[in-house]
Amino acid sequence: MTDMPHYRMYVDGTWCDTTESIEVRSPATGQLVATVAYGDTATVEEAVAAAKAAHERGVWRSMPPNDRADVLDAIADNLAARSEQLTALQVNENGATVRGAGAFLIGYAIAHLKYFAQLARTYPFEISGPLCESPTLSAGITIKDPIGVCAGIIPWNFPLLLAVWKLGPALAAGNTIVLKPDDHTPLTLLELARAADEVGLPAGVLNIVTGPGPVVGARLAEHPDVRKVAFTGSTEVGKSVMRAAADNVKNVTLELGGKGANIVLDDADIDLAVDGALFGFLLMSGQACESGTRLLIHQSLHDEFVRHLVTRAQTLVMGDPMSPATDLGPLISAKQKARVEKYIALGQEEGCTLAFQGVIPVDEALAEGHWVAPTILTDATNDMRVAREEIFGPVLVVMRYQDEDEAISFANDSEYGLSAGVWSADPARALAVARRLESGTVWINDWHMVNATYPFGGVKQSGLGRELGPDALDEYTESKFVHLDLSNDRSKRVYGVVVSAPIPNV
Ligand code: NAD
């Protein structure tokens, strides 16, 4: 046990430890992967104070955006140099498959950090307005100031990527930040801190506090010196973060749950749409907020589509996430497994047909893992709980519809609005449907493709604000308008509405 890696927290440019520690275990094998320092509210105070002092010293916010961009690029290059190690760490801490972790969780994180570096170089931090001649000659400048100390609360499903979605725009805009990883997945974030430290990110600009969500996360959300909080996770906790943030009127970005409606129109390419539907609900074994978990199929191709879907699903391999042959890994925890199994049983009680259930691995080394086989429930209706609530596991709920209006009404009849999809051979027709969907993202003939240059976020109870794209920097800046009077012609000024007496002779 002495060789077990132990990770400390990163506060004010130094590594700090606690007497208590958290165990990080592989969700595939149950084996201990590492131990990690366990922060509390006292650590939050230190981290916020360090971030506030760094902001006030101004070393980061006063740095020209191009120079900040160079530092972000250097962090991304440092991460890329250790991407194999990060991929293995990601597989071990959250059970992502090695293929998914390499491409999506780590590969996207590095690429998206580079995008934010580039955005720092091009973002209009100062915008001069047109000269205004009435009533007197004046000019205006809008300055995009950093907000100050930001906090990022990160879930376990895509930890490094979702941390980059907060840290990238926060630092590009000149803020300082405190990140709180989920207890299951602190390792890749602490490696991110190491990568930042090695390339000379000034002390206090990035801080990472590990510890329980209701303690560390809740304190960050309410802390009077935190000016912005960005949260990704469950809708329930997101609401509590928003309530806590209200006390000092914090700027809030929330990326919450989803129940993505995936609409197959009657002219869709069935092969493509079948694979897209599987990818849509099974990435990360269904533990992705933007998953396509409600499949709406036109009645004319429903039965044929489901047959193809089941045939293709039978080919998927669930097993050791470290093996490149594995398609599907475990769920994050015993709690999540129990929750998903409850929903599978509930769906059948509600009247769904269990059209497919895959097999879980029989390997003894994986006996302690949290396995739930991919599951397809057909004959669902939109009023069922399995069609309305976020399950967050490898479960697809399939419904049939009569016409486009009905499909759109099913899709929009949800408290969520994070993602949706349309499959059709006719892009114009698909686009017309996409325009009517209440969703932050609509994919046409695709799923899960988050492009760093476009905004990502939800409507309704799926969230507030946007991550990615130039919108992301808007979320981490505040506009300050500077009015500059260029005229000495006192007679044209409107002071007279208040100061009407003649200037006294002194
Ligand atoms: P969660 O919302 O409890 O956790 C997300 C993050 O919030 C973690 O870092 C956690 O430590 C922190 N947190 C927990 N309680 C907090 C509090 N009171 N104040 C501030 N921060 C707090 O999510 P979970 O328990 O890991 O998963 C539960 C459900 O949430 C899942 O089944 C799924 O439906 C959903 N979920 C969604 C996403 C997403 O990407 N939108 C990610 C993870 C989980």
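1. A pocket, as the word is used here, is an open set of grid points with protein on both sides within 12 Å along at least five of seven lines. Keep that in mind as you look at this predicted model, where the space taken by the ligand is the largest pocket. Among the elements around the ligand, helix 7 (213–222), strand 11 (228–232), helix 8 (235–245) and helix 11 (334–349) each give two or more residues to the shell. Helix 7 gives the most, with four residues, so it is a good place to begin when you trace the shell by eye.

2. Which residues come nearest to the ligand? There are 25 residues around the ligand, and the nearest are Ile154, Trp156, Ser234, Leu256 and Glu390. Try finding these five in the viewer. By class, the shell has 13 nonpolar, seven polar and five charged residues.

3. Now for some atom pairs. Ile154 places a backbone N or O atom 2.8 Å from an oxygen atom of the ligand. Two side chains also deserve a look: a polar atom of Lys180 lies 3.0 Å from a ligand oxygen, and a polar atom of Asn157 lies 3.3 Å from a ligand oxygen. On its own, the ligand has 820 Å² of accessible area, and the protein covers 87% of that.

4. Next, leave the ligand and turn to the cavities. How many cavities of 30 Å³ or more does the structure hold? The structure holds three of them. In the largest cavity there is about 90 Å³ of space, and the second largest has a volume of about 80 Å³.

5. What lines the largest cavity? Its lining includes the aromatic-named set Phe104, Phe158, Trp165 and Phe456, along with Leu161, Leu162, Glu255, Cys289, Glu290, His448 and Val450. Helix 5 (residues 159–172) supplies the largest share of this lining, three residues. Sorted by class, the lining of the largest cavity has eight nonpolar residues, one polar and two charged.

6. The second largest cavity is lined by 15 residues. Those nearest its centre are Arg294, Ala411, Tyr416, Ser419 and Glu438. Helix 13 (404–412) and strand 18 (419–423) are the elements that give two or more residues to this lining. Here the classes divide into six nonpolar, six polar and three charged residues, while the lining of the largest cavity has eight nonpolar, one polar and two charged. Putting those two counts side by side is a nice exercise to end on.

Definitions and conventions: Residues are numbered from 1 along each chain as its sequence is written. This is a predicted model: local features need pLDDT of at least 70, side-chain atom pairs count only at pLDDT 80 or more; totals for chains, interfaces and linings use all residues. Side-chain values use heavy atoms; hydrogens and water are left out. A residue is near a molecule or strand if one of its heavy atoms lies within 4 Å of it. A polar contact is a pair of N or O atoms within 3.5 Å; within protein, one must be able to donate a hydrogen and the other to accept it, and residues adjacent in sequence count only if both atoms are side-chain atoms. Accessible areas come from the Shrake-Rupley method with a 1.4 Å probe; for residues, only the protein chains shown count as cover. On a 1 Å grid over the protein atoms alone, a cavity is a set of points where a 1.4 Å probe fits but cannot get out, and a pocket is an open set with protein on both sides within 12 Å along at least five of seven lines; lining residues have an atom within 4 Å of a point. A molecule sits in a cavity or pocket if more than half of its atoms lie within 2 Å of its grid points. Ala, Val, Leu, Ile, Met, Phe, Trp, Tyr, Cys and Pro count as nonpolar, Asp, Glu, Lys and Arg as charged, and the others, Gly among them, as polar. Grid points are joined across faces, edges and corners, and a volume is the space filled by probe spheres set on the points.
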